[in-house]
Amino acid sequence: QVQLVESGGGLVQPGGSLNLSCSASGDPFTIYTMGWFRRAPGKQRELVATKTTDNYVNYADSVKGRFTISRDIAKNTVSLQMNSLKPDDTAVYYCNARDYAIDYWGKGTLVTVSS
């Protein structure tokens with residue numbers, strides 16, 4: 001199986017930036033898609049950005065133009081560069097990896113955008 005560990009969350013002011021990183025271990029050679037989801041207080045988990053092994057990228061409309069996903073297949077990592085952060089970006093961000101049948105999840109890293 002695959003284990004995912006996130007890092008990079010924290011407190012940032014509106015308009016600021018953060019970079020989140022996720023590292024996969026275990027048997028990551030089966031992973032097709034890696035990316036990020038988030039869950040804000042009182043809301044359902046939602047997709048933020050994903051990237052496949054053949055470079056298909058999907059962004060939520062709310063983050064297009066502000067967030068950039070990067071993936072290093074050889075190193076089994078995925079990163080999320082978050083710019084122009086807004087208070088409604090505040091959420092726990094979860095790293096996700098998907099093979100043909102199974103979703104793997106990290107424990108999450110908290111991003112708080114506040115003045």
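Buried means a relative accessible area under 20%, exposed means over 50%, and partly exposed lies in between, with a 1.4 Å probe and protein chains only. The model on screen is predicted, so local features need pLDDT of at least 70 and side-chain atom pairs count only at pLDDT 80 or more, whereas totals for chains, interfaces and linings use all residues. Residues are numbered from 1 along each chain as its sequence is written, and side-chain values use heavy atoms, with hydrogens and water left out.

Select C95 to begin: this cysteine is buried, with a relative accessible area of 0%. Add C22, which also counts as buried, at 1% relative accessibility. Their sulfur atoms are 2.0 Å apart and form a disulfide, a term that stands for a pair of cysteine sulfur atoms within 2.5 Å; by this rule the count comes to 1. The torsion about the S-S bond of C22 and C95 is about -85 degrees, so the disulfide is left-handed. The pair links distant parts of the chain, since C22 lies in strand β3 (residues 18-26) and C95 in strand β9 (residues 91-98), 73 residues apart. Strands here are DSSP runs of E with at least two residues, numbered from the N terminus.

Stay with β3 and display its sheet, an open one of 4 strands in the order β1-β3-β8-β7, with antiparallel pairing; two strands pair if DSSP finds at least two bridges between them. At the edges stand β1 (2-7) and β7 (67-72), each with a single partner strand, so one side of each is left without a neighbour in the sheet. Neighbouring strands of this sheet are turned by 15 degrees against each other on average, direction ignored, the axes being lines fitted to C-alpha atoms and angles running from 0 to 180 degrees between N-to-C directions. Between β1 and β3 the antiparallel pairing runs over 6 bridges, and S7 can be selected opposite S21 in β3.

Next, which aromatic pair does a search of the whole structure find? Select F37 and W105, whose ring centres are 5.1 Å apart and whose planes stand at 75 degrees, so the pair is edge-to-face. Rings of Phe, Tyr and Trp (its six-membered ring) pair if their centres lie within 6.5 Å, with planes under 30 degrees apart counted as stacked, over 60 as edge-to-face and the rest as tilted. F37 counts as buried at 16% relative accessibility, while W105 is partly exposed at 31%.

Finally, add R45, whose charged end sits over the ring of W105, 3.8 Å from its centre; this wording requires NZ of Lys or CZ of Arg within 6 Å of the ring centre and within 35 degrees of the ring normal.
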